[in-house]
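User: I have a chain open and want to go through its packing and its sheets. Can you take my questions one at a time?

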Amino acid sequence: MMWSLWCCTHRAALLTCIVVHIFSQSVRGLNVCMSGSATSCEECLLISPNCAWCAQEDFGRARTLTSRCDLSQNLLKRGCEARFIENPRSVSSILKNKPLSSKGSGSTQYDVIQIQPQKISLSLRPGDQTSFEVQVRPVEDYPVDLYYLMDLSLSMKDDLDTIRNLGTKLAEEMKKLTSNFRLGFGTFVDKNMSPFSYTAPKYQENPCNGYKPFPNCVPSFGFRNLLSLTDKVDRFNEEVQKQMVSRNRDAPEGGFDAILQAAVCKERIGWRKEAYHLLVFATDDVPHLALDGKLAGLVQPHDGQCHLNEKNEYSASTKMDYPSLALLGEKLAENNIFLIFAVTKRHYVLYKNFTALIPGTTVEILDQSSKNIIQLIVTAYNNIRSKVELSVWDHPEDLNLAFTATCQDGQSLSGLRKCADLKIGDTVSFDISVDARSCPPSGTQKSFTIKPVGFKDRLEVSVDYRCDCGCTRYTQTNSSRCSSSGTYACGTCHCESGYRGAHCECEEGDAGSLNLSACREAEGKQVCSGRGECSCNQCWCYESEFGKIYGTFCECDDFSCARHKGILCSGHGDCHCGECKCHAGYIGDNCNCSTETAPCVSEDGRICSGRGSCVCGRCQCTEPGAFGDTCEKCPTCPDACATKRECIECRLFNTGKFADNHTCQRMCKDEIITTETLNTDDPSTVLCLYKTENDCVMKFTYSEHASGQSVLTALREPECASAPDALTVLLAVVGSILLVGIVLLAIWKLVITIHDRREFARFQSARSRARYEMASNPLYKQPISTHPVETVFQMYSKSYNGGVH
């Protein structure tokens, strides 16, 4: 009793030491295992997959009962022997593992294996993840069953004429793909009731009565199986020859009624178990959907069952509504049927949207008169064979499944369960991780199935749960270890009613055993935190309608934690003593933040394209200018041009590191436009240049449309500079020298001219001043003398005479 009192008095210091020790030993920080909520081994295992329980009898006498629940390494350090530690792990075991086949037809047709393994078992501890690998290989020359389902409304008359010899031609083409081919034929129009069809008496036998373009046709009908699957393809031609079109009132057809009957009436149609099932649906209009039948008073939903009568006609056409897309997809997948929509161009988009809702479905464009039907079927078949997609059937709600695909290029793609662009014989693998979220009742076993869409092969997975502790096998009732007043199990006593204490040594109401100080968390605080009673030196917590109150001093509960949208711990965690302990895959104060990174993985396999971080399952772009769901769009990023260059090289020139066709198609999905000249005036585009192997320059622009699509505009050919001509260079140099000389001479001449003019002007100015001075000088005498005419004559005469002598 004194030891117990000392322990209680020093409990605060003791817990502090334990927390510090655990924090120093664990990078996770808080130790959820010692939260105080586990009073048994089973409860401990449910707290966290990292928690273990010590069933050793003499372990932790100085501690509370819940201290037996801790991390396994801490239990070992605290003295618990390894053989007493209960810490089961999740495991997987392969039960059936036949090797994959390589060929489909022949004597081994019924032993073809396209998925490996075929059966496994999982033993799961909640929160503890385990994984297994699945391989799939589509085999060569696998049998094919093809059922041709045709719309026989009046608008399909030309198409009916075109396919009258379809059977023979189609068989010839399909024999190039498989040596084991069977063909069937069925037709449909619509429900023969108003307002879908003409029901007046004069139209009963001939709905085309009075219709001048085509006066004769047969009454409307829901669906007819005219030819079950057979290898006698000539019978297909014979049945087509017999058919006549019909006439209904509204535009939509009752084709989905026919698809469902063709899928679920396996024996009547003749689907083989060991074959690919192809259902070709040929029409030129939209289908009626679920609830359309209410227009005719049909309120009973479709039951998904086969309703073919002895005439192979759909007998419930006027009794039940049209099937829904969900029901249609379920029945097609259940019977391993690939549906091929062969529709006219104007309805292509509608049926393309249907393919997103119905797994294993493709759509192809049908010419107005079905001239391309054979090529359409061959193309669709090759498209189907080039894909492998896993589907999960009967998925238990308490299991989490995560897929990682490794396709033909060897690259692992997290979050994907599909591989495309495969060749016949290629093997792909999928890594599947499984963990349980909770424990069902003891002894519960569950199962689910994994199968490639459209394949008959499947992987059966059985699941059991490791929620029980092995030590419970040694449970003792009325054990002497529990003062003969309780049950001993896994190292602890569970006392009978009226007894309390670690060893059931105290009786309720025993005043001598009462010590209130041992039931206070600290001096001055309420006894048992005001939420319990002190008995036998221990707090016994009250029950609460809101949840569980627990702890040494009833200081904890499992309902006073943060909520998100009114949900405790967002529904993704457990409340422990006022703090949310998040389940695997979630973090945050209220566990509303997912750690799943698959939505953040870009097409190149990087988290947020290397331009941001994944926060709560969504990319937060940190690179300026980056945007998009995975930050994949960033015209202004430094690496934008380098990233898009690889796509330009592989798409336009089949070069670069993406030159492999499959890699190029998977990584480069942007629209690429080629042109002779680039428009660089648009401010929203980025001009990119790079030098090719031939030292040419390739130019392209990168922009993002408002729709979110990336658009690359590139030159048709790189720009390559030609070598300069030697004579041209020489003439250019000589011409340049001459031109420079002439320019210099002209400049020199201009300078000299300006200088001479200035000197001449200065001379003229000086001369003008000199004339002025001579005109005003009184001492100046003109150098000219004036003489009379006579004097001049005499002087001239003397001079003349003197000259004679």
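**Strands, cores and a helix**

Analyst: Start with strand 3, where Trp53 has Glu86 as its bridge partner. Keep in mind that this is a predicted model.

User: Which residue of strand 2 is the bridge partner of Trp53?
Analyst: Strand 1 (residues 51-54) runs antiparallel to strand 2 (residues 69-71), joined by three bridges. Strand 1 also runs antiparallel to strand 3 (residues 85-86), with two bridges. In strand 2, Trp53 is partnered by Cys69.

User: Are the residues on the two faces of strand 1 buried or exposed?
Analyst: Take the faces in turn. Cys51 and Trp53 lie on one side, Ala52 and Cys54 on the other. Both faces are covered, and these four residues are all buried.

User: Why do the buried residues of helix 7 lie on the same side?
Analyst: Helix 7 (residues 233-242) buries Val233, Phe236, Asn237, Glu239 and Val240. An α-helix has 3.6 residues a turn, so residues three or four places apart point the same way. What covers the buried residues includes strand 8 (144-151), helix 5 (157-162) and strand 10 (224-230). The buried residues are on the same side of helix 7 because they cover an arc of only 165 degrees around the axis.

User: Which helix gives the most to the largest nonpolar core?
Analyst: That core has 73 residues. Phe132, Tyr148 and Ile373 touch the most other members. The top contribution is seven residues, and it comes from helix 12 (residues 373-385).

User: How many residues are in the other core?
Analyst: This core lies apart from the largest one. Its members include Ala258, Leu260, Phe281 and Tyr351. The count is 33 residues.

User: What does Phe132 contact, leaving aside neighbours within four places in sequence?
Analyst: Contact here means heavy atoms within 4.5 Å. Among the partners of Phe132 are Ser92, Ile120 and Leu122. Others include Phe430, Asp431, Ile432, Val434, Ile450, Leu459 and Val461.

User: Which strands stand at the edges of the open sheet with the order 37-40-39-38?
Analyst: Four strands form this sheet, and their pairing is mixed. Each edge strand has a single partner strand, so one side of each is left without a neighbour in the sheet. The edge strands are strand 37 (671-675) and strand 38 (686-691).

User: By how many degrees are neighbouring strands of this sheet turned against each other on average?
Analyst: The value ignores direction. On average, the turn is 25 degrees.

User: In strand 40, which residue stands opposite Glu704?
Analyst: Strand 39 (residues 697-704) pairs with strand 40 (residues 710-715) in the antiparallel sense, over five bridges. Opposite Glu704 stands Ser710.

Technical notes
Residues are numbered from 1 along each chain as its sequence is written. This is a predicted model: local features need pLDDT of at least 70, side-chain atom pairs count only at pLDDT 80 or more; totals for chains, interfaces and linings use all residues. Side-chain values use heavy atoms; hydrogens and water are left out. Buried means under 20% relative accessible area, exposed over 50%, partly exposed in between (1.4 Å probe, protein chains only). The arc is that of the directions from the helix axis to the C-beta atoms. A nonpolar core is a set of buried Ala, Val, Leu, Ile, Met, Phe, Trp, Tyr and Cys residues joined through side-chain atoms within 4.5 Å. Two strands pair if DSSP finds at least two bridges between them. Axes are lines fitted to C-alpha atoms, for helices over the stretch in contact, and angles run from 0 to 180 degrees between N-to-C directions.
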